[in-house]
Amino acid sequence: MTEAVMNPVHTPVDADARSRALDISRSFAVSAPAGSGKTGLLTQRVLKLLAACQQPEEVLAITFTRKAAGEMRERLIEALHNARDTERPENPHDAITWDLASKLLARDAELNWQLLQMPQRLRIQTIDGLCRSLASQLPIESGLGAPGEPLEQTQVAFETAVVNLLKYLDGENPDGDLQELLLHLDNDLGQLNKLLQILQEKREQWLGPLLNVGHEGAQDYFHFAIDELVAENLEVLAGYLQGYAGELVELAGYAGKNLQKEKPDHPLCACADLDALPEADNSALPQWLALTELLVTGKGELRKAVDKRVGFPAVDKKDPETAQANEYKARIKDLLAELGGNESLLAAINEVRKLPSGLQQGQWQLLQSLAQVLPKLVAELKLVFQQLGATDYTEVAQAALVALGNSDEPTDLALKMDIQTRHILVDEFQDTSQMQLQLLEKLTAGWEPDDGRTLFIVGDGMQSCYGFRNANVGIFLDARARGIGEVALTPLDLQVNFRSEGAVVEWVNETFQKAFPAEDNIGRGAVRYLNSHAFKGVKWPGPAVNFYGCMDDEERGREAQQAVELVRDLQAKDPSGRIAILVRKKKHLGKILPALSAAGIAFQAPDLAPLASKMVVLDLLSLTRALLDPSDRISWLALLRALVRTAIAGPLYAGQLEQW
């Protein structure tokens, strides 16, 4: 084995960005990929903010999981202990943390905060916990009442709400809007049930707008939503075609004029009089669709050639216009060749081709019926939550928004939060939902530039994984570009990976560069891959990453044997090293763990084989119960069975029992 080669440059290439992130007078949006030390950076900024505050409660740090909140709190307390009990470290990063913690200890002593004795004064909360805290302070106004525990599995509540709603189809005066929806689905109650359950999961996306516009404004709202969707996608396509605009418009005009003679109903005829790319709005959608006809086939693939069907007739050598026809054919061929292989452009074109070009009266009626049914469905869901004495995360977040009021009429709670909170930090911002974004906008509604208050968000769009809870990575991209509410955010990029060795980082860069889109797309939540720079050198002489294929479940046995061989090989190369086997689901270890046991390889898997299920522990529990209560007949019988098992199994089990 070769010795680890450390990066000769001890200063990270993103050192300037890390230094700027500690400027507590400014607000930042930090992109922090895996292994870039974002938790350490957050810890340093919190330490510096606290040392400049009058009260520790002025700093609010928001995370997405309890584990992350606990880790941040532990790091802060550990930093304070180190600054109090140890000398200044030589490591530059640790030295910065030590210096900041020392200044905070001085501030703590000056104002008698006693943070080490009362760490609960550090406001580090999950975003769900913050929402719950806000809603609980105004239980009546928020509409939440006495909140129950959020349900991890909400499917039963959703289904019960749908069943209760569908009862309005019975009786002498059945609900006409429900009937309209059911008729649209060919009277398939199962499909209607499924549709309404899906819509409940995403109710934060539609409930507010529907309640705000009311029955009369529903159609205008749907028009606005469709127009916005069309304009957003057309802007993306226009961006890709901007460099080819003049050539494309001229060729489309030539094709359109040719088609007007023989196929006047062809879409490209709409381009006959074009002199520039159409506007990116719904009224110009027919012309955009016509342009896509020139560029892609009916199967959605970029064309490689054209013919008279798209306005480029065959060349007739006897025709005096042959030279012109040849010229246009050569030009369109060159343009298509230049666009060929541009997957991002092809994706944008196909998105545009799916856009609604207009809705019929029947479709508008269906949307109107949905607009009437959905608020009733939410009312039924609220009743179900009351019956269960529970809630869900969406309900709590909605109640928190109501508790804060709006910018024109803030509640007393909103005013209190505005006075109390001067600095907000948000971790894992790439997993933020639209509702959580609204919460941040309300918390920062009264902020003004250079008033001493700051917002600091950290995330990595490449790691967004909370789509099942309606997270939208596009929110993170938009925040970096435009800020949040009235708060402008300066984007910063961390680029150095401190966790993995250089060869692993290089392999990941090369592999995932091909898997991600070429450019960011806020509307679609598409994130391009950003390369990381390895701080560590190369440790292993061979390839950093090896791939061993396993096609289906029938090959799990061979996979298990391969895993055993790899573990043995790694143990031989590095006897003191730690080896982890990662799988997507527990069932994927079904054959690997028995294979490891058969090979005599010891392993730890407490979540898969908890101590409470081990026979040795069960027997010790029986012994404890029997000694505590001599009348416990069941425990004595269980203990007797253990003794019999010991006699049969021999010294191995007895040795385990004695060890315990």
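**Exercise 1.** Find which elements are included in what covers the buried residues of α18, and work out how these buried residues are arranged around the helix axis.

*Solution.* Start with the cover, which includes β3 (123-126), α5 (127-137), α17 and α19 (434-443), where contact means heavy atoms within 4.5 Å; helices (H or I, at least four residues) and strands (E, at least two) are DSSP runs, numbered from the N terminus. The model is predicted, with local features needing pLDDT of at least 70 and side-chain atom pairs pLDDT 80 or more, while totals for chains, interfaces and linings use all residues. Residues are numbered from 1 along each chain as its sequence is written, and side-chain values use heavy atoms, with hydrogens and water left out.

Next, identify L413, A414 and M417 as the buried residues of α18 (buried is under 20% relative accessible area, exposed over 50%, partly exposed in between, with a 1.4 Å probe and protein chains only). Seen down the axis of α18, these residues fall within an arc of 100°, so they line one face of the helix; the arc is that of the directions from the helix axis to the C-beta atoms. An α-helix has 3.6 residues a turn, so residues three or four places apart point the same way. Finally, the face turned away from the buried side of α18 carries the exposed residues D412 and I419.

**Exercise 2.** Locate N406 and determine whether N406 is buried, exposed or partly exposed.

*Solution.* First, place N406 in the loop between α17 (393-404) and α18 (412-420). Then read its relative accessible area, which is 40%, so N406 is partly exposed. Lastly, follow the side chain of N406, which reaches the backbone nitrogen of E409 at 2.6 Å.

Methods. A polar contact is a pair of N or O atoms within 3.5 Å; within protein, one must be able to donate a hydrogen and the other to accept it, and residues adjacent in sequence count only if both atoms are side-chain atoms.
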